[in-house]
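Trainee: I would like to go through the labels used for this structure and hear the reason behind each one.
Mentor: Take them one at a time, and ask what each label rests on.

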Amino acid sequence: RPRQEITSGGLGTMGFGMPAALGAQVGCPDQTVVCISGDGSIQMNAQEFATLADNDIPVKTFILNNGYLGMVRQWQELFWDGRYSQVKMGPNPDFVKLAEAYGCTGLRATEKSEVADVIHEALRTEGPVVVDIRVTAEENVFPMVAPGAAARDMVG
(Lines give C-alpha, C1' and ligand atoms only; values in the text may rest on other atoms or scores of the structure.)
Protein backbone atom coordinates (compact mmCIF):
# COMPACT_ATOMS: atom_id res chain seq x y z
CA ARG A 1 0.00 0.00 0.00
CA PRO A 2 1.44 3.44 -0.85
CA ARG A 3 2.67 5.57 2.01
CA GLN A 4 0.41 8.51 2.75
CA GLU A 5 1.10 11.67 4.65
CA ILE A 6 -1.41 13.26 6.95
CA THR A 7 -1.06 17.00 7.41
CA SER A 8 -2.59 18.92 10.26
CA GLY A 9 -2.48 22.65 9.69
CA GLY A 10 -2.51 24.97 12.64
CA LEU A 11 -2.80 28.03 10.42
CA GLY A 12 -6.18 29.68 10.76
CA THR A 13 -7.19 27.35 13.58
CA MET A 14 -4.94 28.70 16.28
CA GLY A 15 -3.75 26.07 18.72
CA PHE A 16 -5.45 23.18 16.92
CA GLY A 17 -2.61 21.87 14.73
CA MET A 18 -0.49 20.15 17.38
CA PRO A 19 -3.26 18.27 19.22
CA ALA A 20 -4.83 17.28 15.89
CA ALA A 21 -1.50 15.98 14.61
CA LEU A 22 -0.87 14.08 17.84
CA GLY A 23 -4.27 12.40 17.58
CA ALA A 24 -3.82 11.66 13.88
CA GLN A 25 -0.45 10.03 14.53
CA VAL A 26 -1.81 7.89 17.36
CA GLY A 27 -4.78 6.92 15.17
CA CYS A 28 -2.59 6.20 12.12
CA PRO A 29 0.73 5.04 13.56
CA ASP A 30 2.04 3.75 10.21
CA GLN A 31 1.57 7.09 8.45
CA THR A 32 3.77 10.18 8.38
CA VAL A 33 1.97 12.99 10.17
CA VAL A 34 3.06 16.60 9.67
CA CYS A 35 1.88 19.61 11.68
CA ILE A 36 2.32 23.03 10.03
CA SER A 37 1.76 25.77 12.55
CA GLY A 38 2.54 29.39 13.25
CA ASP A 39 4.70 30.42 16.18
CA GLY A 40 1.74 31.95 18.03
CA SER A 41 -0.33 28.82 17.56
CA ILE A 42 2.38 26.45 18.70
CA GLN A 43 2.94 28.44 21.89
CA MET A 44 -0.62 27.59 22.92
CA ASN A 45 0.37 23.96 23.41
CA ALA A 46 4.15 23.56 23.07
CA GLN A 47 4.03 21.44 26.22
CA GLU A 48 2.70 18.67 23.97
CA PHE A 49 6.29 18.24 22.72
CA ALA A 50 6.73 16.39 26.02
CA THR A 51 3.81 14.09 25.14
CA LEU A 52 5.34 13.39 21.72
CA ALA A 53 8.78 12.62 23.15
CA ASP A 54 7.59 10.65 26.17
CA ASN A 55 5.40 8.41 24.01
CA ASP A 56 7.69 8.36 20.95
CA ILE A 57 4.97 9.82 18.73
CA PRO A 58 6.85 10.79 15.56
CA VAL A 59 4.92 13.91 14.50
CA LYS A 60 6.98 16.28 12.34
CA THR A 61 6.14 19.84 13.42
CA PHE A 62 7.02 22.76 11.13
CA ILE A 63 6.72 26.17 12.78
CA LEU A 64 6.34 29.15 10.44
CA ASN A 65 8.02 31.63 12.76
CA ASN A 66 7.41 35.28 11.92
CA GLY A 67 7.18 36.70 15.46
CA TYR A 68 3.50 37.59 15.04
CA LEU A 69 0.06 36.12 15.50
CA GLY A 70 0.30 35.75 11.74
CA MET A 71 -3.26 35.28 10.58
CA VAL A 72 -4.59 38.03 12.86
CA ARG A 73 -1.77 40.34 11.69
CA GLN A 74 -2.64 39.48 8.08
CA TRP A 75 -6.27 40.42 8.66
CA GLN A 76 -5.17 43.70 10.21
CA GLU A 77 -2.89 44.38 7.23
CA LEU A 78 -5.37 43.53 4.50
CA PHE A 79 -8.70 44.58 5.98
CA TRP A 80 -7.86 47.18 8.63
CA ASP A 81 -5.31 49.32 6.73
CA GLY A 82 -2.30 47.89 8.55
CA ARG A 83 -3.47 49.08 11.96
CA TYR A 84 -1.74 46.40 14.01
CA SER A 85 -2.92 45.79 17.53
CA GLN A 86 -1.68 43.10 19.94
CA VAL A 87 -0.23 40.81 17.26
CA LYS A 88 3.54 41.09 17.78
CA MET A 89 4.66 38.11 19.84
CA GLY A 90 7.62 39.74 21.57
CA PRO A 91 10.53 37.44 22.31
CA ASN A 92 9.78 33.90 21.16
CA PRO A 93 11.57 30.99 22.79
CA ASP A 94 14.32 29.29 20.82
CA PHE A 95 12.11 26.55 19.39
CA VAL A 96 15.07 24.26 18.64
CA LYS A 97 16.23 24.41 22.26
CA LEU A 98 12.65 24.06 23.48
CA ALA A 99 12.14 20.95 21.34
CA GLU A 100 15.37 19.46 22.63
CA ALA A 101 14.47 20.33 26.23
CA TYR A 102 11.31 18.24 25.82
CA GLY A 103 13.24 15.37 24.19
CA CYS A 104 12.41 16.01 20.53
CA THR A 105 14.83 16.66 17.69
CA GLY A 106 15.04 20.38 16.89
CA LEU A 107 16.01 21.80 13.49
CA ARG A 108 16.02 25.30 12.02
CA ALA A 109 15.93 26.99 8.62
CA THR A 110 16.74 30.70 8.54
CA GLU A 111 17.21 31.10 4.79
CA LYS A 112 14.84 30.10 1.97
CA SER A 113 17.66 28.06 0.42
CA GLU A 114 17.79 25.83 3.55
CA VAL A 115 14.11 24.92 3.72
CA ALA A 116 14.00 21.94 1.32
CA ASP A 117 17.01 20.26 2.95
CA VAL A 118 15.64 20.81 6.46
CA ILE A 119 12.24 19.40 5.46
CA HIS A 120 13.91 16.28 4.03
CA GLU A 121 16.06 15.91 7.15
CA ALA A 122 13.01 16.20 9.42
CA LEU A 123 11.10 13.57 7.45
CA ARG A 124 14.10 11.19 7.55
CA THR A 125 14.66 11.62 11.30
CA GLU A 126 13.15 9.03 13.63
CA GLY A 127 10.83 10.21 16.38
CA PRO A 128 9.25 13.62 16.95
CA VAL A 129 10.89 16.56 15.18
CA VAL A 130 10.29 20.30 15.55
CA VAL A 131 11.49 22.58 12.75
CA ASP A 132 11.74 26.34 13.32
CA ILE A 133 11.35 27.96 9.88
CA ARG A 134 12.03 31.67 10.03
CA VAL A 135 9.85 33.69 7.67
CA THR A 136 9.62 37.43 7.14
CA ALA A 137 7.47 39.26 9.65
CA GLU A 138 4.82 40.23 7.12
CA GLU A 139 4.68 36.97 5.16
CA ASN A 140 1.06 36.24 4.23
CA VAL A 141 -0.74 32.93 3.88
CA PHE A 142 -3.40 32.35 1.23
CA PRO A 143 -6.16 31.47 0.67
CA MET A 144 -7.90 33.12 3.57
CA VAL A 145 -11.44 34.12 4.44
CA ALA A 146 -12.14 37.83 4.96
CA PRO A 147 -13.95 38.97 8.12
CA GLY A 148 -17.66 38.25 7.80
CA ALA A 149 -17.25 36.52 4.43
CA ALA A 150 -18.28 33.00 3.49
CA ALA A 151 -15.68 30.30 2.80
CA ARG A 152 -16.75 30.36 -0.88
CA ASP A 153 -15.51 33.98 -1.04
CA MET A 154 -11.89 33.26 -0.07
CA VAL A 155 -9.21 35.84 -0.80
CA GLY A 156 -6.01 34.86 -2.57
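Trainee: How many salt bridges are there by this rule?
Mentor: The count comes to three in this predicted model.

Trainee: What makes R108 and D94 a salt bridge?
Mentor: Their side chains meet at 2.5 Å, N to O. The rule asks for a side-chain nitrogen of Lys or Arg within 4 Å of a carboxyl oxygen of Asp or Glu, so the pair of R108 and D94 qualifies. R108 lies in strand β4 and D94 in the loop between α4 and α5, so the salt bridge ties together parts that are 14 residues apart in sequence.

Trainee: How do you know that D132 belongs with R108 as well?
Mentor: The closest N and O atoms of D132 and R108 are 3.2 Å apart, and the cut-off is 4 Å. This pair links distant parts of the chain, with D132 in strand β5 and R108 in strand β4, 24 residues apart. D132 also meets R134 in a salt bridge, at 2.9 Å, N to O.

Trainee: Why is this called a network of salt bridges, and which residues are in it?
Mentor: D94, R108, D132 and R134 are linked. R108 pairs with D94 and with D132, and D132 pairs with R134.

Trainee: Which label does D132 get, buried or exposed?
Mentor: Buried means under 20% relative accessible area. D132 has 0%, so D132 counts as buried.

Trainee: What makes R108, D94 and R134 partly exposed?
Mentor: Partly exposed lies between the 20% and 50% limits. The relative accessibility of R108 is 28%, that of D94 is 29% and that of R134 is 38%, so each of these residues falls in that range.

Trainee: What else does D94 do at the start of α5?
Mentor: A side-chain oxygen of D94 reaches to within 3.0 Å of the backbone nitrogen of V96. The limit for a polar contact is 3.5 Å.

Trainee: Which residues of α5 are buried, and how do you know that they line one face?
Mentor: In α5, residues 95-102, the buried ones are F95, V96 and A99. Seen down the helix axis, the buried residues fall within an arc of 105°, so they line one face of α5. The face turned away from that buried side carries the exposed residues K97 and A101.

Trainee: What do the buried residues of α5 pack against?
Mentor: They pack against α2, β3, β4 and β5. Just after the helix, G103 takes a positive phi of about 100°.

Trainee: Why is the pair of F49 and Y102 called edge-to-face?
Mentor: The ring centres are 6.3 Å apart, and a pair needs centres within 6.5 Å. The planes stand at 70°, and over 60 counts as edge-to-face, so the name applies. The structure holds one aromatic pair. F49 is in helix α3 and Y102 in helix α5, 53 residues apart.

Trainee: How is each ring residue of that pair labelled for accessibility?
Mentor: F49, at 0% relative accessibility, counts as buried. Y102, at 31%, counts as partly exposed.

How values were computed: Residues are numbered from 1 along each chain as its sequence is written. This is a predicted model: local features need pLDDT of at least 70, side-chain atom pairs count only at pLDDT 80 or more; totals for chains, interfaces and linings use all residues. Side-chain values use heavy atoms; hydrogens and water are left out. Buried means under 20% relative accessible area, exposed over 50%, partly exposed in between (1.4 Å probe, protein chains only). Helices (H or I, at least four residues) and strands (E, at least two) are DSSP runs, numbered from the N terminus. The arc is that of the directions from the helix axis to the C-beta atoms. Contact means heavy atoms within 4.5 Å. A polar contact is a pair of N or O atoms within 3.5 Å; within protein, one must be able to donate a hydrogen and the other to accept it, and residues adjacent in sequence count only if both atoms are side-chain atoms. Rings of Phe, Tyr and Trp (its six-membered ring) pair if their centres lie within 6.5 Å; planes under 30 degrees apart count as stacked, over 60 as edge-to-face and the rest as tilted.
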